[in-house]
Amino acid sequence: MKDLLRLKTSLTEEIETLLNEQIKVEAHSSAVYLAMASWCDRNGFDCSARYFQKQSGEEREHMLKLFNYVSDLGGRAISPEIANIPQEFESFRGVFEQALQQEIYVTQQFNRMAAKCIKANDFVTFQFIQWFLKEQIEEEYVARRALELFEVIGEEGTGRYEIDKRVPKIKYDN
Ligand code: FEO
């Protein structure tokens, strides 16, 4: 049965596996952002809570974009199992540090996938993931700018309150 299904797709098993792994990474990111939203909300950072909830929704969209690509090419898209989502974070700043690390990891994942696509002569998937490679410029920019607010504004006095208000206003215009 597996072999019969394999005949229906131009995806190699290796690339399909990579795409399914990335579906899982995006789902994991979505769940972590949702946990960050909850932590921010519980600690009085309303604006950041909304920001992370929005980020969570975007990661789910990324997951579905990959999921639909695998399905559209006749592959086997796997609904991912998600585990080990951190519910507690050591500090407000720590949340943003982790968010930036997560985005850098996603960029590295797509770079790896791009290299594998070229090696496998899979230019269809290579072309498909260009959207994600471009998107990661914005994702990393926003996450880095948010973290920089901790240096620019400082956490003393009403600093964290100000940082919270500024986070959703970060825009990437390029
Ligand atoms: Fe889907 Fe934020 O990378």
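These exercises work through the fold, the surface and the aromatic rings of a predicted model.

**Exercise 1. Describe the secondary structure and the extent of the protein chain.**

Solution. Start with the elements: the protein chain has 7 helices and 0 strands. Their order along the sequence is therefore written with one symbol throughout, α-α-α-α-α-α-α. Next take the extent: along its principal axes, the C-alpha trace spans about 65 × 30 × 20 Å. Last, consider the contacts with a separation of 6 or more: residues 24 or more positions apart account for 76% of them.

**Exercise 2. State how much of the protein chain is buried and what its exposed surface consists of.**

Solution. The protein chain has 174 residues, of which 43% count as buried. The exposed area is about 10,100 Å², and carbon and sulfur atoms supply 51% of that area. For the charges, count 22 positive and 29 negative side chains. The centres of these two sets lie 2 Å apart.

**Exercise 3. Classify the ring pair of Tyr33 and Phe52, and locate both residues in the chain.**

Solution. A pair of aromatic rings is described by the distance of the centres and the angle of the planes. The count of aromatic pairs in this model comes to 15. For Tyr33 and Phe52, the centres are 5.7 Å apart and the planes stand at 20°. Planes under 30 degrees apart count as stacked, so the pair of Tyr33 and Phe52 is stacked. Tyr33 belongs to helix H2 (residues 13-42) and Phe52 to helix H3 (residues 46-72). The two residues are 19 residues apart, and their pair links distant parts of the chain.

**Exercise 4. Decide whether Tyr33, Phe52 and Tyr51 are buried or exposed, and classify the pair of Tyr51 and Phe52.**

Solution. The cut-off for buried is under 20% relative accessible area. Tyr33 has 2% relative accessibility, so Tyr33 counts as buried. Phe52, with a relative accessible area of 0%, is buried. The rings of Phe52 and Tyr51 lie 5.0 Å centre to centre with 65° between the planes, which makes the pair edge-to-face. Tyr51 has a relative accessible area of 12% and is therefore buried as well.

**Exercise 5. Name the members of the aromatic cluster, then find a charge placed over a ring.**

Solution. Follow the ring pairs from residue to residue: they link Tyr33, Trp39, Phe45, Tyr51, Phe52, Phe89, Phe92, Phe96 and Phe150 into a cluster. For the charge, look at Lys65, which lies over the face of Trp131. The distance from Lys65 to the ring centre of Trp131 is 4.3 Å.

How values were computed:
Residues numbered from 1 in each chain as written. Predicted model: local features only at pLDDT ≥ 70, side-chain atom pairs only at ≥ 80, totals over all residues. Heavy atoms only, no water. Helix = DSSP H or I, 4+ residues; strand = E, 2+ residues; numbered from the N terminus. Buried < 20%, exposed > 50% of the residue type's maximum accessible area, 1.4 Å probe, protein only. Contact = heavy atoms within 4.5 Å. Areas by Shrake-Rupley, 256 points an atom, 1.4 Å probe, with all protein chains shown as cover. Lys, Arg positive; Asp, Glu negative; His and termini not counted. Charge placed at Lys NZ, Arg CZ, Asp CG, Glu CD. Phe/Tyr/Trp six-rings, centres within 6.5 Å; stacked < 30°, edge-to-face > 60°. Lys NZ or Arg CZ within 6 Å of the ring centre and 35° of its normal.
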